[in-house]
Amino acid sequence: MSGTCSLSSLSDERLLEGFGTLVQQDRGRTAELLGYIAEIDGRKLWAKQAHPSMFDFCVVRFHMSESTAGKRIGAARAARRFPVLFDMVARGDIHLSGIVRLKPYLTSDNHQRVLAEATHKTMKELDHLIARLAPRPDVPSRVQILPRRGTAASPSSEPTLFTPESSRPTSTAEPPPLPPPRAPDPTPLAPRRYKLVVTMSEETNHTLERLQGLLSHQIPDGDPAAIVARGLDLLLSQTLKKKAAITDNPRASVPQSSGRSRSIPAHVRREVHERDGGRCAFVGADGRRCNETRGVELAHLHPWAKGGEHSVDNVSLRCRAHNVYEANRDYGPLFMARKLEEARSTREELAVYATTVHVDCAA
Ligand SMILES: [Zn+2]
């Protein structure tokens, strides 16, 4: 390969095709490499080469990172025990991280069934599989005082707003912004049971204590998990009501006034959220639907600023990335960059931005 300059001249189709080919080749090479590691390890050739371990041999002699060496050696040892893994890695059925995670739970009796289930699974899905294979008991709820730390808020405590700053079009000279960090998912312990660990402020802890007192008749032991469950239910229904106009008693649709309003009527928000299942409904050229659940907003298929209507047929859910992608496509990156620049200067102009990227969620 002659570098990114030549890649920039490739068509989208050729670029994707080349990427697919390289991924396939990489998997084949990785499987081959695992075979070598398994054989060298089995013969203990690292000792003959004056290394104290296979790990040291890979890190010191071949300058692999510790994590890469650990993962490859772990996967190679599992594949030595269950040789079907070599073919699975070569086909891309399972990744090395997945093998390492599953390894302690594989036995000669279960490995065929478990590995078939593990095919093409993400780490999150593998954690669910492990929770079924080896269920763990519930973790008792507890509130523990932590030593005081610096005042900087953790990234996950910052509200994630869909602002011009965080969603600049990718085709300008500046590099695209990094997506906001995703908070870790609760850990599956057993089927339908999860462990969640959070750090609270003193104020939130005070709120918890007040709720434990107020709800003591219904939750006698004051279990924080039970209070969190109730709180989450309330927050979900409140958020759905606000964002998707989903309530137990929906009102009939109100006829629109004669002027154009950017506000999407409640019945449209409600129907679109229900139809799209609260997930990004963007569908790619190969028919794949995005289905992202975080940061979804209502978006007009035919842009509102170009005369598109607030109708169920013309409004759909989009995640942040696809909202910006379609805005760039509909208005052009230069127009978007200019609007975003203008929008940064005053708060009022944020409304202009919301129009240009056809985001209009709040009532
Ligand atoms: Zn999406």
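1. Four donors around a metal count as tetrahedral if all angles lie between 85 and 135 degrees, a donor being an N, O or S atom within 2.8 Å of the metal (3.2 Å for Na, K and Ca). The zinc ion here fits that description, because its 4 donor atoms subtend angles of 99 to 120°. Those donors are Cys-280 (SG), Cys-290 (SG), Cys-319 (SG) and His-322 (ND1), at 2.1 to 2.4 Å.

2. This is a predicted model, in which local features need pLDDT of at least 70 and side-chain atom pairs count only at pLDDT 80 or more, while totals for chains, interfaces and linings use all residues. Residues are numbered from 1 along each chain as its sequence is written, and side-chain values use heavy atoms, with hydrogens and water left out.

3. Along the chain, the zinc donors follow the spacing C-x9-C-x28-C-x2-H. Cys-290 sits in the loop between α12 (266-276) and β3 (297-300), whereas His-322 belongs to helix α13 (residues 320-331), so the pair ties together parts that are 32 residues apart in sequence. Helices (H or I, at least four residues) and strands (E, at least two) are DSSP runs, numbered from the N terminus. His-322 is buried, with a relative accessible area of 18%, where buried means under 20%, exposed over 50% and partly exposed in between (1.4 Å probe, protein chains only).

4. The largest nonpolar core, meaning a set of buried Ala, Val, Leu, Ile, Met, Phe, Trp, Tyr and Cys residues joined through side-chain atoms within 4.5 Å, has 31 residues, and among those touching the most other members are Met-54, Leu-85 and Ile-99. Helix α5 gives the most to this core, with 6 residues. A second, separate core of 6 residues includes Ile-264, Val-268, Leu-298 and Leu-317.

5. The whole structure holds 14 salt bridges, each being a side-chain nitrogen of Lys or Arg within 4 Å of a carboxyl oxygen of Asp or Glu. In one of them, the side chains of Arg-77 and Asp-41 meet at 2.6 Å, N to O, and this pair links helix α5 with helix α2 across 36 residues. Arg-77 is partly exposed at 39% relative accessibility, whereas Asp-41 is buried at 10%.

6. Arg-318 also forms a salt bridge with Glu-326, the closest N and O atoms being 2.9 Å apart. Arg-318 counts as buried at 6% relative accessibility, as does Glu-326 at 5%, and both are linked with Arg-329 and Asp-330 in a network of salt bridges.

How values were computed. Four donors count as tetrahedral if all angles lie between 85 and 135 degrees; four count as square planar and six as octahedral if opposite donors are over 155 degrees apart and all others between 65 and 115; anything else is irregular.
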